[in-house]
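Work through the exercises below with the sequence and the model at hand. Each task is followed by its solution.

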Amino acid sequence: MRIFGVAGYSGSGKTTLITRLVPEFGSRGLGVSTIKQAHLGFDLDRPGKDSFKHRSAGAVEVMVASSERWALLHEHRGRPEPDLDRLLTAMTPVDLVLVEGFKRHRHPQLEIHRGHIDKPLLCRGDANIVAVASDGQLPPLEVPVLDLGDLGALADFIARHAAPLEA
């Protein structure tokens with residue numbers, strides 16, 4: 001598996017870009033998975049559901065399965081939040097994993113920068129950012145600047161710069 005991240009401020013379009021990249025890579029014959037770091041306290045389960053009752057009773061893991069999909073809910077139960085490397089080992093191998101979040105993990109990342117958000121460029125202080133995709137003009141940078149609207153060029157860049165997972 002190879003890994004590549006998408007970084008940027010809230011509202012910059014990270015999720016939008018990833019949801020456009022997944023079918024682009026799929027059309028190129030690549031299997032793609034994604035991993036997104038969620039905010040504190042997020043939950044996929046709801047009170048009243050059997051899986052919620054299982055977790056509330058103290059189960060460390062609850063798997064919910066159907067003929068169309070399965071999901072594994074894992075409770076930390078006081079243990080530290082797992083790092084990205086640990087989470088990646090739990091995933092089924094694919095050609096490429098696109099990562100949203102986990103900005104402190106060492107993997108190549110594309111920064112999305114939009115002028116209307118009026119935030120400083122992250123690439124100036126983050127060696128993991130290997131390029132910036134923008135919807136406007138930027139000053140000269142030490143990393144390549146790509147057109148956020150050119151999905152093909154973005155996918156080509158990611159395919160060339162995705163890093164193999166270290167064993």
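The exercises deal with a cavity and two pockets in a predicted model.

Residues are numbered from 1 along each chain as its sequence is written. In this predicted model local features need pLDDT of at least 70 and side-chain atom pairs pLDDT 80 or more, while totals for chains, interfaces and linings use all residues, and side-chain values use heavy atoms, without hydrogens and water.

**Exercise 1.** Describe the largest cavity (on a 1 Å grid over the protein atoms alone, a set of points where a 1.4 Å probe fits but cannot get out).

Solution.
1. The whole structure holds 1 cavity of 30 Å³ or more.
2. The space in the largest cavity is about 30 Å³, a volume being the space filled by probe spheres set on points joined across faces, edges and corners.
3. Its lining (residues with an atom within 4 Å of a point) consists of Y9, S12, I112, H113, R114, I117 and K119.
4. By class, 3 of these are nonpolar, 2 polar and 2 charged.

**Exercise 2.** Describe the largest pocket (an open set with protein on both sides within 12 Å along at least five of seven lines).

Solution.
1. The volume is about 1600 Å³.
2. Of the 31 lining residues, F42, L72, L73, H74 and L87 lie nearest the centre.
3. Strand 4 gives the largest share of this lining, 5 residues.
4. The lining has 15 nonpolar, 8 polar and 8 charged residues.

**Exercise 3.** Find the residues nearest the centre of the second largest pocket.

Solution.
1. This pocket has a volume of about 290 Å³.
2. Among its 14 lining residues, A7, G8, K14, G101 and K103 lie nearest the centre.

How values were computed:
Nonpolar A, V, L, I, M, F, W, Y, C, P; charged D, E, K, R; others polar. Helix = DSSP H or I, 4+ residues; strand = E, 2+ residues; numbered from the N terminus.
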